[in-house]
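User: I would like to go through this protein slowly, one question at a time. Could you explain each term when it comes up?

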Amino acid sequence: PAGIETGTSGPPVLDPGPAPPIAAATGWLNTAGLRDADLAGQVVLYDFWTFGCVNCQHTLPHVKAWHERYAGDGLVIVSIHTPEFDYEADPANVAEFVGANGIAFPVALDPEREIWRAWDNHYWPAFYLYDGQGRLRLRHVGEGSYDTTEDAIRSLLGVDPTSPRAAVT
């Protein structure tokens, strides 16, 4: 089925998995909520960010484009909003940013950094791409390497290499 990586192609396995838990989310935007079990068998891009981070704002058009282009192929994006400052911890402020910026994928709220700590994450933005077997296949911190990340997504989803890429606007 779409979204399940079964071969050995694609980026190397960095960790056999599974992904650390996201159960500590204190709330969700754009979904009633996700459980770790809901993501089993899916190609998942976890995106750690906070709306006041300029680097996160620069990566957002790429994340949105990947969602728009590859959700139909099975990509699931789980956006984990972990605030750096108090004003970023207010769920209403996060919801306002999400709405104003047309973010349509699930956003987990992590104001106490419980998910952040479970993942041993230290950076905004940070991307973790897991294949359909729950293995970490790509980790990227900061801006850039957008083509590398998209190539990994395409490979894990089995997207035809000649098909159109995500349109970043």
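User: Where does proline 125 lie?

Analyst: This is a predicted model, in which local features need pLDDT of at least 70, side-chain atom pairs count only at pLDDT 80 or more, and totals for chains, interfaces and linings use all residues. Residues are numbered from 1 along each chain as its sequence is written, while side-chain values use heavy atoms and leave out hydrogens and water. Helices (H or I, at least four residues) and strands (E, at least two) are DSSP runs numbered from the N terminus. With these names in hand, proline 125 is placed in the loop between α4 (114-118) and β5.

User: Is the peptide bond from tryptophan 124 to proline 125 cis or trans?

Analyst: The angle to look at is omega, which is near -20° for the bond from tryptophan 124 to proline 125. The bond from glycine 17 to proline 18, with proline 18 in the segment before β1 (27-29), has an omega near 0° and is cis. For the bond from tryptophan 124 to proline 125, the assignment is likewise cis.

User: Aspartate 120 has a positive phi although it is not a glycine; is it buried or exposed?

Analyst: Aspartate 120, whose phi is about 55°, is in the loop between α4 and β5. Buried means under 20% relative accessible area, exposed over 50%, and partly exposed in between (1.4 Å probe, protein chains only). Because the relative accessibility of aspartate 120 is 54%, it counts as exposed.

User: Asparagine 30 also has a positive phi; which exposure class does it fall into?

Analyst: Asparagine 30, with a phi of about 70° although it is not a glycine, lies in the loop between β1 and β2. Its relative accessibility is 42%, and therefore asparagine 30 counts as partly exposed.

User: At which residue does helix α1 bend?

Analyst: Helix α1 covers residues 54-70 and reaches 25 Å from its first C-alpha to its last, close to the 24 Å expected (1.5 Å times one less than its number of residues). A bend is the angle between axes fitted to the seven residues ending at a residue and the seven starting there. In α1 that angle is about 35°, with proline 61 following within four residues, and the bend is at leucine 60.

User: What does proline 61 touch, leaving aside neighbours within four places in sequence?

Analyst: Proline 61 lies in helix α1, and it counts as partly exposed because its relative accessible area is 26%. Contact means heavy atoms within 4.5 Å. With those neighbours left aside, the residues in contact with proline 61 are Val168 and Thr169.

User: Which elements help to cover the buried residues of α5?

Analyst: Helix α5 has twelve residues and reaches 16 Å between its end C-alpha atoms, close to the 16 Å expected. Its buried residues include Tyr146, Thr149, Glu150 and Ala152. Tyrosine 146 touches His58, Thr59, His62 and Trp66, not counting residues up to four places away in sequence. What covers the buried residues of α5 includes β2, α1, β3, β5 and β6.

User: Which residues touch the most other members of the largest nonpolar core?

Analyst: A nonpolar core is a set of buried Ala, Val, Leu, Ile, Met, Phe, Trp, Tyr and Cys residues joined through side-chain atoms within 4.5 Å. The largest one here has 50 residues. The contacts of leucine 129, not counting residues up to four places away in sequence, include Val43, Leu75, Leu138 and Ile153. The members that touch the most others are Ile22, Tyr46, Trp66, Leu75, Val78 and Leu129.

User: Which side chain joins that of arginine 137 in a polar contact?

Analyst: Arginine 137 lies in strand β6 (residues 136-141), and it counts as buried because its relative accessible area is 3%. A polar contact is a pair of N or O atoms within 3.5 Å, where within protein one must be able to donate a hydrogen and the other to accept it, and residues adjacent in sequence count only if both atoms are side-chain atoms. At 2.7 Å, the partner of arginine 137 is aspartate 131.

User: How far apart are the atoms in the polar contact between the side chains of serine 79 and tryptophan 49?

Analyst: Serine 79 is found in strand β3 and counts as buried because its relative accessibility is 1%. Its contacts beyond four places in sequence include Asp47, Trp49 and Phe105. The polar contact between the side chains of serine 79 and tryptophan 49 is 2.3 Å.

User: How many disulfides does a search of the whole structure find?

Analyst: A disulfide is a covalent bond between the sulfur atoms of two cysteines, and the cut-off used here is a pair of cysteine sulfur atoms within 2.5 Å. Cysteine 53 is buried at 12% relative accessibility, and cysteine 56 is buried at 4%. For disulfides, the search of the whole structure gives a count of zero.
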